[in-house]
Amino acid sequence: MHFKTAWLIALVGLAFMPALGFSQTLSQVYGDSLTKQAQTIYVKGTAGMTTFDSEAAGSKETRNTSEMEFGGWMGEKRIMGLKVGHSYHDVPFELNQAHSRTAMTDVRLLARIWFLQPSVGISLTEWDVTSAAAPAVGLFATGLNAGLGLIVNLHQGLVFNADLMRVQSLRTFDKLERNSKLGTREDADAHFAFDLTERIVDFIVGYRMRRYSVTIEDSTFRESSQGAYVGLRLGYYF
């Protein structure tokens, strides 16, 4: 019984595969220039030098950093998409022996409206700061994000992307029980993407900025980071 069911599912899948493949191929070949940039699935990795300015750590430091993102676009015209971005930064501040660790994950549902890409989603943040004397910050926060992106095809094989996102924290869990509350986070990113191959590999060069704050009892500490980066995006249409 299970063997027959498996064969039936396989035959149905094979029957629909040509139609799905043909519609995606039509979209890829005959779609406008921006539709061709909306890959069915992709993964992006970047690395660069980032400067961290931390009031909670009481210092400033420049370190090598990396970030990852994966996502994709759905349907023949690919007007709806989903992406997940993750960053983990482990920063020792040499001037005062403080240490900061941040892990941020943003899940975003996107839409394509001509050259604009609005988005909404959820965000998770974990942040720990240790000074030379004792732990200063220890929290885990959940929240909602909203953003607006811009994509412009400057030339064949050259695309400009810009993106602004705002994250509003809804709930903060204070691991140190110091009545901490994570403030609003604002991210900005701008980059150029160059085709290394016609469909699969893009080279990326860009600049990103981030700022947020934390309130501990009656004191507010502001954090910021910024820096240039390079990277690769691997994408595929199916």
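The exercises below work through strand pairing, a nonpolar core, salt bridges and a surface patch in a predicted model.

Residues are numbered from 1 along each chain as its sequence is written, and side-chain values use heavy atoms, with hydrogens and water left out. Because the model is predicted, local features need pLDDT of at least 70 and side-chain atom pairs count only at pLDDT 80 or more, while totals for chains, interfaces and linings use all residues.

**Exercise 1. Describe how strand S6 pairs with S5 and with S7.**

Step 1. Fix the terms. Strands are DSSP runs of E with at least two residues, numbered from the N terminus. Two strands pair if DSSP finds at least two bridges between them.

Step 2. Take the S5 side. S5 covers residues 116–130 and S6 covers residues 135–155; the two are antiparallel, with 15 bridges. Ser123 is found opposite Gly143 of S6. Four residues separate S5 from S6, and the two strands form a hairpin.

Step 3. Take the S7 side. S7 spans residues 158–174 and runs antiparallel to S6, joined by 16 bridges. One of the bridge pairs is Phe140 with Phe173 in S7. This is also a hairpin, with two residues between S6 and S7. Gly157, in the turn, has a positive phi of about 90°.

**Exercise 2. Which residues have the most contacts inside the largest nonpolar core, and which strands supply it?**

Step 1. Define the core. A nonpolar core is a set of buried Ala, Val, Leu, Ile, Met, Phe, Trp, Tyr and Cys residues joined through side-chain atoms within 4.5 Å. Buried means under 20% relative accessible area, exposed over 50%, and partly exposed in between (1.4 Å probe, protein chains only).

Step 2. List the residues. The largest core has 17 residues, and Phe93, Trp127, Val129, Val137, Leu139 and Leu182 have the most contacts inside it.

Step 3. Assign the strands. At least two residues come from each of S3 (80–93), S4 (98–111), S5, S6 and S10 (201–216). S6 gives the most, with four residues.

Step 4. Look at Trp127. Neighbours within four places in sequence are set aside, and contact means heavy atoms within 4.5 Å. The contacts of Trp127 then include Val137, Leu139 and Leu182. Among its other contacts are Arg101, Tyr212 and Glu223.

**Exercise 3. For three salt bridges, state where the partners lie and whether they are buried or partly exposed.**

Step 1. Set the criterion. A salt bridge is a side-chain nitrogen of Lys or Arg within 4 Å of a carboxyl oxygen of Asp or Glu. The structure holds 15 of them.

Step 2. Lys44 and Glu69. Their side chains meet at 3.9 Å, N to O. Lys44 is in S1 (residues 41–54) and Glu69 in S2 (residues 59–74), so the bridge ties together parts 25 residues apart in sequence. Lys44 counts as buried at 10% relative accessibility, and Glu69 counts as buried at 15%.

Step 3. Asp90 and Arg101. The N to O distance in this salt bridge is 3.5 Å. Since Asp90 is in S3 and Arg101 in S4, the pair ties together parts 11 residues apart in sequence. Asp90 counts as partly exposed at 35% relative accessibility, as does Arg101 at 36%.

Step 4. Glu126 and Lys175. The closest N and O atoms are 3.0 Å apart. Glu126 is in S5 and Lys175 in the loop between S7 and S8 (180–182), 49 residues apart. Glu126 is partly exposed, with a relative accessible area of 34%, and Lys175 counts as partly exposed at 43%.

Step 5. Check for shared partners. Asp106, Arg185, Asp187 and Arg210 are joined into one network by salt bridges that share partners.

**Exercise 4. Which strand gives the largest share of the nonpolar surface patch?**

Step 1. Define the patch. Such patches join nonpolar side chains (Val, Leu, Ile, Met, Phe, Trp, Tyr) within 5 Å, taking residues with over 30% relative accessible area and no salt bridge; like charges are joined within 9 Å. Accessible areas come from the Shrake-Rupley method with a 1.4 Å probe, and for residues only the protein chains shown count as cover.

Step 2. Name members. Val43, Met68, Phe70, Phe192, Phe203 and Val230 are among the residues of the patch, which together have about 1,000 Å² of accessible area.

Step 3. Assign strands. S2, S9 (185–195), S10 and S11 give two or more residues to the patch. The largest share, three residues, comes from S11.

Step 4. Examine one member. Val230 lies in S11 and is partly exposed, with a relative accessible area of 40%.
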